[in-house]
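Here are a few exercises to work through with the model open beside you. Try each task before reading its solution.

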Amino acid sequence: MFDTTYFPQAKKFWYMGKFYEWDQPNIHVMSHALHYGTSVFEGIRAYNTPKGPAVFRLPEHVDRFFHSASTLSMKVPYSKQEITDAIKSIVKENELESAYIRPLLFYSFGNLGLVPKFSPVELTIGAWDWGAYLGEKTEKGAHVYIVPWKRVHRSQLKMTAKLGGAYVQSAICGMEARSLGYDEAVFLNLEGKIAEGPGENIFIVKGGLLITNDKTESVLEGITRESVLEMAKDLGIETRVGPMTKEDFLQADEIFFSGTAVEIAPIIRVADGSNPEEEKKEYVIGSGKTGEITQKLARTYKDAVSGNIKEYEKWLSYVNA
Ligand SMILES: Cc1ncc(COP(=O)(O)O)c(C=O)c1O
C-alpha cells in the first residue's frame, strides 16, 4: 500500500513522541489537514561531518516552524527544545549519516468544518536519505520555465510561512514545468517581477554583483538564502537585496536557485512562458555554463554544511553532541 521506493533508507518516523515503522502510518483519513491543507512544515538537512551528522541551522528552522504554526493559530504541543531533540533523534534512530528532515504540524482528526476548532494539532517528523533535488542538473545547470501563473501574493497569504495548503501552487507549477520538459518552474509575482521557484529562492549575478529579493516580493526568505548572503560577503562578493525584474533575470551573467532541498543549483537556460498569449521564448544565461561566482558559493556551501569551515560551524547542530 505504501510505496517506499523513494525512501530507501528510512526506517522509522516520529509521531507524537514515539517512533513508528515507516510503513505503519496511523493518521486518520478525516484529518483536517488532508482535506484543507491546514498544516505547516519545515525542510531541513543534516550532513555528514568529521564529528558525525550535523543538522544545518536547526534553531532557525525551528523558529520558522513556530512562526508558520502561529500563522495557522496552532497551539504547538511541544516546546522548541523538545522539537529540536526529536529532530536529532529521528536522524539517530534511522542511523542516517546525512538526511532530509521533514517536521510537519497539522490539524488532525476532530471536525471537518473549515475552522479546525475541534481538531487537535499533531506533530510528525520524518527523515530519509535524499540526494540532490534537481539530480544531475545540480552539476550541469537547470533549464527552467517561467510559468504563466503568478506567485501567491503576500497580500493574500503570509508567504514567510511554510503553509501546507499554499504549496498546492508549487506542486501544480512544478508538475507543469516538468510535463513541458523543463527541470523546474520559476514564478513571477503579481507585480511582474521575479519571485521564486516552487521551493527555492533565486539569486542572479550581474557584473560581479550578487542580487536576490526579499519578502516584499512575495517570497519565503530562505535560510539557505541568508547563509549565501553571509558567505558571499565573507568572500568579498558585493551583494544587494532588492527586486529583480524579468529582464534582470534573462540578462543575468549567472543565476542560481538556493534552498535546503535544492542547495545551490545553477540555472543555465530559461524559457519564458509568463505570457500565455505569446509564444515561449528561450534564453541562454551567460555562457550557458555554471558561472564562477555560483561555483565558488556552491563549493563554500558544501564545505560549510560538511563542517569543513571553522567560522561556519556555528550553523551546525551535531546530532551526537
Ligand atoms: C517557496 C520556497 N522558497 C524558498 C525556499 C528556500 O528556503 P530554505 O533555504 O529555508 O530551504 C523554500 C524551501 O524551504 C520554499 O519552499
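Two residues are in contact if their C-beta atoms, placed from the backbone, lie within 7 Å. Keep that cut-off at hand; the model is a predicted one.

**Exercise 1. Place Tyr145 in the fold and decide whether it is buried or exposed.**

Solution. Start with the secondary structure: Tyr145 sits in strand β8, which covers residues 142–146. Next, count neighbours. A residue is buried if 20 or more other C-beta atoms lie within 10 Å of its own. Tyr145 has 26 C-beta neighbours inside 10 Å, so Tyr145 counts as buried. Then list the contacts, leaving out residues up to four places away in sequence: Tyr145 touches Ala177, Leu180, Tyr182, Ala185, Val186, Ala271 and Gly273. Finally, take one of these partners, Gly273. The C-alpha atoms of Tyr145 and Gly273 are 6.5 Å apart, although 128 residues separate the pair in sequence.

**Exercise 2. Check the length of helix α3 and work out how its buried residues are arranged.**

Solution. Helix α3 runs over residues 80–93, which makes 14 residues. At 1.5 Å a residue the helix should span 20 Å, and its end C-alpha atoms are 20 Å apart, so the two values agree. Now pick out the buried residues of α3: Ile83, Ile87, Lys88, Ile90 and Val91. They cover an arc of only 155° around the axis, and therefore lie on the same side of α3. On the other side of α3, Gln81 and Asp85 are exposed. The cover over the buried residues of α3 includes strands β1, β4, β5, β6 and β7 together with helix α2. Just after α3, Glu95 has a positive phi of about 50°.

**Exercise 3. Describe how domain 1 meets domain 2.**

Solution. First set the bounds: domain 1 is 12–128 and domain 2 is 137–305. Their C-alpha centres lie 26 Å apart. The contact takes 22 residues from domain 1 and 13 residues from domain 2. On the domain 1 side, α1, β3, β4 and α2 each supply at least two residues, and the largest share, six residues, comes from α2. By class, that side has nine nonpolar, eight polar and five charged residues.

**Exercise 4. Which residues are closest to the ligand, and which element gives the largest share of the shell?**

Solution. Of the 14 residues surrounding the ligand, the closest are Gly222, Ile223, Thr224, Gly259 and Thr260. Both α6 (223–234) and β13 (254–259) supply at least two residues of the shell. The largest share, three residues, comes from α6. Sorted by class, the shell has three nonpolar, eight polar and three charged residues.

How values were computed: Residues are numbered from 1 along each chain as its sequence is written. This is a predicted model: local features need pLDDT of at least 70, side-chain atom pairs count only at pLDDT 80 or more; totals for chains, interfaces and linings use all residues. A residue is near a molecule or strand if its C-beta atom, placed from the backbone, lies within 6 Å of it. Helices (H or I, at least four residues) and strands (E, at least two) are DSSP runs, numbered from the N terminus. Ala, Val, Leu, Ile, Met, Phe, Trp, Tyr, Cys and Pro count as nonpolar, Asp, Glu, Lys and Arg as charged, and the others, Gly among them, as polar. A residue is buried if 20 or more other C-beta atoms lie within 10 Å of its own, exposed if 12 or fewer, and partly exposed in between; C-beta atoms are placed from the backbone. The expected span of a helix is 1.5 Å times one less than its number of residues. The arc is that of the directions from the helix axis to the C-beta atoms. Domain bounds come from an automatic or database domain assignment.
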